[in-house]
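The following exercises concern a ligand site, an aromatic pair and some backbone features. Each task is followed by a worked solution.

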Amino acid sequence: PDLRTEFLDLPLANPLMNASGVWCSVASQLEALAECAAGAMVTKSCTLAQRDGNPEPRYRATPWGSINSMGLPNEGFPYYLNYARCHDYERKPLFMSLAGLTLDDNLTMVAELREAVTPVIMELNLSCPNVPGKAQVGYDFEAMDTFIHEIADAYDRPFGVKLPPYFDIAHFDEAAAILNAYPQIAFVTCINSIGNGLVIDPVSETVVIRPKDGFGGIGGDFVLPTALANVNAFFRRCPDKKIIGCGGVRSGEQVFLHLLAGAALVQVGTQLFEEGPLIFPRLLEELQAIMTAKGYDRITDFQGKLKTL
Ligand SMILES: C=Cc1c(C(=O)O)[nH]c(=O)[nH]c1=O
C-alpha cells in the first residue's frame with residue numbers, strides 16, 4: 001500500500017512524525033529525526049530564552065503510558081531557528097513549536113520567524129500544562145482568542161495550534177468557533193498531554209516525579225480515547241483545516257484509528273520516548289499490514305471515514 005500523503009501542499013513519504021517535546025530538544029536528536037523514517041518532524045516547544053526546566057525526576061514511563069512535568073526545558077528560540085535554517089526541506093517538512101511564556105514573547109519569536117526565509121511550519125503551543133503559575137491558554141478561551149488574533153496579525157503565513165484535550169461538547173464548540181474565525185490557522189494538533197495527573201508508587205507510597213508535588217501531563221495508552229475524540233471533534237467542526245492527531249500511538253493500529261478519525265498526520269510521543277526513532281519503520285510496517293488486510297491502497301481510502309452507528 002502507498003503511505004504517501006501531502007500536508008499544506010508539501011509531499012510527505014508518510015503521515016508520521018514525532019510529538020513536540022519528544023526526541024527533538026537538541027541538534028543530535030533533530031538530526032536523528034531528519035534521518036529517520038518519519039514523514040515529518042517538529043522541534044521542542046521553545047521560549048525566547050533558554051530554559052533548564054523543572055527539577056528531575058520529571059518524566060516517568062508507566063505500564064499504560066507516561067507522566068511528565070518537564071517545565072518547558074529548551075535551548076531557546078535562536079537555537080531552533082538556526083536548526084530551521086540548516087534543515088534539508090527536500091528530505092521532509094519541519095514544524096517549529098513555539099510556547100512563549102507571554103504573548104509578547106510569542107510576538108517577538110513570530111516576527112523573527114516571519115523575517116527568516118525558511119519554509120518551516122509553525123505549531124503554536126497553547127497547551128503546556130507544566131509551567132508553575134501559568135494557566136494553559138487553551139483552557140482560557142478569551143486569552144486563546146487574543147493570542148491567536150495578535151499572532152495571526154504578526155505572522156503572514158498559515159500556521160497551526162497545539163491544543164489541550166477538551167472533555168465537554170460545549171468546549172469543542174467554543175474552541176472550534178474561535179479557530180474557524182481565523183482562516184490563517186491551517187491545522188490543529190490534538191491533543192497535548194492530559195494535564196495534571198498524579199501517578200503514585202504503592203510500594204514507596206510516593207509520587208513518581210519531583211515537580212508540582214508529582215502532578216504532571218499524562219500520555220500514552222491511557223489518553224487514546226480522549227485523543228481520538230478531540231481529533232474527530234475538530235475534524236467535524238473545522239472542515240477547512242487539517243487535523244494532526246497525537247496521543248496514545250504505540251502501534252500501527254492507533255495510527256490507523258487516528259487517520260480514520262480524521263487526522264491528516266499522526267504524532268508519536270510517549271512510545272517514541274521509550275523506543276526511539278526506530279519506532280517509525282515498525283509503525284509504518286504495521287499500518288501497511290492493516291491496510292493490506294482491509295484492501296486499502298492509499299491513506300485517502302479510509303482517512304476521515306469513521307462510521308457511526
Ligand atoms: C511545552 C511544554 C510541555 C511540556 C513540558 O515541557 O513540561 N509537557 C507536555 O506534556 N506538554 C507541553 O506542551
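Strands are here DSSP runs of E with at least two residues, numbered from the N terminus. The model is predicted.

**Exercise 1. Locate P57 relative to the strands, and state the geometry of the peptide bond from E56 to P57.**

Solution. Step 1: the flanking strands are strand 4 (41–42) and strand 5 (59–62), and P57 lies in the loop between them. Step 2: omega of the bond from E56 to P57 is near -5 degrees, and the bond is cis.

**Exercise 2. Determine where I191 lies and which geometry the peptide bond from C190 to I191 has.**

Solution. Step 1: I191 belongs to the loop that runs between strand 10 and strand 11 (194–198). Step 2: with omega near 5 degrees, the bond from C190 to I191 is cis. Step 3: for context, most peptide bonds are trans.

**Exercise 3. Give the sign of phi at D9 and the place of D9 in the chain.**

Solution. Step 1: phi of D9 is near 70 degrees, hence a positive value, and D9 is a residue other than glycine. Step 2: most residues other than glycine have a negative phi. Step 3: D9 sits in the loop between strand 1 (5–7) and strand 2 (10–12).

**Exercise 4. Describe the surroundings of the ligand and its polar contacts.**

Solution. Step 1: the ligand sits in the largest pocket. Step 2: the ligand is surrounded by 15 residues, of which N68, L72, C128, N192 and S193 are the closest. Step 3: by class, this shell comprises five nonpolar, nine polar and one charged residue. Step 4: the cut-off for a polar contact is 3.5 Å between N or O atoms. A polar backbone atom of G71 is 2.9 Å from an oxygen atom of the ligand, and a backbone N or O atom of L72 lies 2.8 Å from a ligand oxygen atom. The side chain of N125 contributes an N or O atom 2.9 Å from an oxygen atom of the ligand. Step 5: the ligand taken alone exposes 330 Å², and the protein buries 91% of that area.

**Exercise 5. Classify the aromatic pair of F95 and F187, and explain why it ties together parts that are apart in sequence.**

Solution. Step 1: the whole structure holds 14 aromatic pairs. Step 2: in the pair of F95 and F187, the ring centres are 5.5 Å apart and the planes form an angle of 90 degrees. Step 3: planes over 60 degrees apart count as edge-to-face, and the pair is edge-to-face. Step 4: F95 lies in strand 7 (residues 94–98) and F187 in strand 10 (residues 185–190), so the pair ties together parts 92 residues apart in sequence.

Notes: Residues numbered from 1 in each chain as written. Predicted model: local features only at pLDDT ≥ 70, side-chain atom pairs only at ≥ 80, totals over all residues. Heavy atoms only, no water. Near = heavy atom within 4 Å. Polar contact = N/O pair within 3.5 Å; in protein donor to acceptor, adjacent residues only side chain to side chain. Areas by Shrake-Rupley, 256 points an atom, 1.4 Å probe, with all protein chains shown as cover. 1 Å grid on protein atoms, 1.4 Å probe; cavity = no way out; pocket = protein on both sides within 12 Å on 5 of 7 lines; lining within 4 Å. Sits in = over half its atoms within 2 Å of the grid points. Nonpolar A, V, L, I, M, F, W, Y, C, P; charged D, E, K, R; others polar. Phe/Tyr/Trp six-rings, centres within 6.5 Å; stacked < 30°, edge-to-face > 60°. Helix = DSSP H or I, 4+ residues; strand = E, 2+ residues; numbered from the N terminus.
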